[in-house]
Amino acid sequence: VLSASVGTIAEEGKYTVEGAVTFSVEYTAETYAITIADGITVMDGTTDVASGTLVAYDTVLTVTADPKTGYTSVLSASVGTIAEEGKYTVEGAVTFSVEYTAETYAITFDSDGGSEVADITQGFGTMITTPADPTKEGHIFAGWSPTVPATMPAENLNITANWKIDISSATVTVNSGADLTYTGAGITPAVSVNLDGVLDAANYDVSYVNNVDVGTGTVTVTGKGNYAGTATTVFTIEKAPLTVTYDGETITFGETPDLTVVVTGFVGGETTLTAAGYTAPTLTTDKVNVGTYSLTPTGGAANNYDFNYVAGTLVIDPADQTVTFEGYMGVYDGNAHSITVTATGDVTYSSDGTTYVADSPNYTNVGDYTVYFKVTKANHNDYTGSATVSIAQKALTITAGDKTITFGNEPDYTVSYE
């Protein structure tokens, strides 16, 4: 800015001298707009310069990129050059920019005796494809430590494989003495696991399938802790015994036996109504005659039971007979008489109660006669008894015949009787 000690300097520097005069000049620095992109800090000494601020020519600014994890930054100015340590001298309006470039990091895999896994080298924040699991004889891969990240971190990583001992080749044995008989509930026999020696039970869990009904059950051991994998074995569930009993009975010939069969031995609260596949055993007989017979139930079935049969005795006693009889009582009439026996069996007779014959004795003459009889019939009790034949004397009527004679003649006497 020009000035005169006397008067005024007109436009275009024109000045009319009017007396002694001193001309002076004062210089003032030009100012320029500073444009700052995001992620950049600009300082004028200790003062923070905001984007859009007017800054004087030749001002030395400090330009820094805001730190960003995993990235390197490159600053640039639209006019001039940003020197070392971010120093910039203003020469005009300027725009500061920054470009971030992702750093490259490496993940190194230690398979700890397993198959080799290639290292991964790529930029920060990029997606990481987890490598295929390594393998190691006798072991099961149990992941990486630390876990493989989803994206590349802002540091190099060393990752080590974790291994668990594989028990899939172990020998699983159901302990001897285990009761493998059907109970209606799950059968869970104890097992031992041998993997280069007996394995402590704390190193595995045990589970069972198909272990209720008769047949083949499976036991599976699953490793835990420092062990992994599974090993299996099978065991056979045997049928439980049922006892089928005929208690026996005594009947009289002609009666029908009950032939009741009792089944005992069900387990697990089961009954004939609930046992799977149950068919009742039966007992039949063609024995109808008097005698003593041993009868054994047969048949029957159930999915989870065997049948043991216990015989019983059927006793058929003889039945009583129905017999009617009557003797004879009358007056001598010259005919033979005997007793009358009515029965469906065979009748024999005796006059002395000792010797019996097929024909009944007959009596004609006066007297009292005891006749014994015995009735026999298959499957019936013998029936014995007696009746009397009683023949009384018959009274005679004697009648003198009428005669007419002449005196002095001897009559011809006659009599009649009946």
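## A first walk around the model

At 26% relative accessibility, Tyr383 counts as partly exposed, and this tyrosine makes a handy starting point. Keep in mind from the outset that you're looking at a predicted model.

### Aromatic rings

Tyr383 has a partner: its ring centre lies 6.3 Å from that of Phe373, and the two planes meet at 20 degrees, so the pair is stacked. A pair of aromatic rings is described by the distance of the centres and the angle of the planes. Where do the two partners sit along the chain? Phe373 belongs to strand β31 (residues 367-376), while Tyr383 belongs to strand β32 (residues 383-392), so to speak ten residues further along, and the pair links distant parts of the chain. Phe373 itself is buried, at a relative accessible area of 0%, whereas Tyr383 is partly exposed at 26%.

How many aromatic pairs does the structure hold? The count is 16. Ring pairs also join up into a cluster made of Tyr182, Phe266, Tyr278, Tyr305, Phe307 and Tyr309.

### Charges over rings and a salt bridge

Rings have charged company too. The charged end of Lys374 is placed over the ring of Tyr356, 4.8 Å from the ring centre. Elsewhere, Lys68 lies over the face of Tyr71, and here the distance to the ring centre is 4.8 Å.

Which side chains meet in a salt bridge? They are those of Asp205 and Lys224, at 3.0 Å from N to O. The salt bridge count for the structure comes to one. This pair links distant parts of the chain, with the two positions 19 residues apart: Asp205 is in strand β17 (residues 204-209), and Lys224 is in the loop between β18 (215-223) and β19 (227-228). Asp205 is partly exposed, with a relative accessible area of 40%. Lys224 is partly exposed as well, at 33%.

### A nonpolar patch on the surface

Now for the outside. Leu396, Ile398, Val415 and Tyr417 form a nonpolar surface patch, and together they have about 510 Å² of accessible area. One of them, Val415, lies in strand β34 (residues 415-417). Is Val415 buried or exposed? With a relative accessible area of 61%, Val415 is exposed, because the cut-off for exposed is over 50%.

### Buried residues and what they touch

Let's turn to a few residues that are tucked away. Phe235 is found in strand β20 (residues 230-237) and counts as buried at 4% relative accessibility. Leaving out neighbours within four places in sequence, Phe235 is in contact with a list of residues including Val174, Leu180, Ile187, Pro189 and Tyr208. Further along that list come Asn211, Gly215, Thr216, Gly217, Thr218 and Val219. The C-alpha atom of Phe235 is 30 Å from that of Thr298, and these two residues are 63 residues apart along the chain.

Pro153 tells another story. This proline lies in the loop between β13 and β14, and at 18% relative accessibility Pro153 counts as buried, because buried means under 20%. Which residues does Pro153 touch, leaving aside neighbours within four places in sequence? They are Tyr105, Phe124 and Ile128. Although Pro153 and Gly70 are 83 residues apart along the chain, their C-alpha atoms are separated by 7.5 Å.

Thr59 sits in the loop between β6 (54-56) and β7 (60-65). At 15% relative accessibility, Thr59 counts as buried. Not counting residues up to four places away in sequence, Thr59 touches Asp44, Tyr88, Thr89 and Val90.

Here are these three side by side.

| Residue | Relative accessible area | Source of the value |
|---|---|---|
| Phe235 | 4% | computed, buried |
| Pro153 | 18% | computed, buried |
| Thr59 | 15% | computed, buried |

### Backbone details

The backbone has some details to look at as well. A cis peptide bond joins Ser145 and Pro146, with omega at about -5 degrees. Pro146 is in the loop between β13 (139-145) and β14 (157-166).

Which phi value does Glu12 have? Its phi is positive, about 60 degrees, although Glu12 is not a glycine. You'll find Glu12 in the loop between β1 (2-4) and β2 (23-25), and at 76% relative accessibility Glu12 counts as exposed.

Leu259 is another residue other than glycine with a positive phi, near 55 degrees. The place of Leu259 is the loop between β22 (249-252) and β23 (261-264). Leu259 is buried, with a relative accessible area of 17%, whereas Glu12 is exposed.

Definitions and conventions:
Residues are numbered from 1 along each chain as its sequence is written. This is a predicted model: local features need pLDDT of at least 70, side-chain atom pairs count only at pLDDT 80 or more; totals for chains, interfaces and linings use all residues. Side-chain values use heavy atoms; hydrogens and water are left out. Patches are made of residues with over 30% relative accessible area and no salt bridge: like charges are joined within 9 Å, nonpolar side chains (Val, Leu, Ile, Met, Phe, Trp, Tyr) within 5 Å. Accessible areas come from the Shrake-Rupley method with a 1.4 Å probe; for residues, only the protein chains shown count as cover. A salt bridge is a side-chain nitrogen of Lys or Arg within 4 Å of a carboxyl oxygen of Asp or Glu. Helices (H or I, at least four residues) and strands (E, at least two) are DSSP runs, numbered from the N terminus. Buried means under 20% relative accessible area, exposed over 50%, partly exposed in between (1.4 Å probe, protein chains only). Rings of Phe, Tyr and Trp (its six-membered ring) pair if their centres lie within 6.5 Å; planes under 30 degrees apart count as stacked, over 60 as edge-to-face and the rest as tilted. A charge sits over a ring if NZ of Lys or CZ of Arg is within 6 Å of the ring centre and within 35 degrees of the ring normal. Contact means heavy atoms within 4.5 Å.
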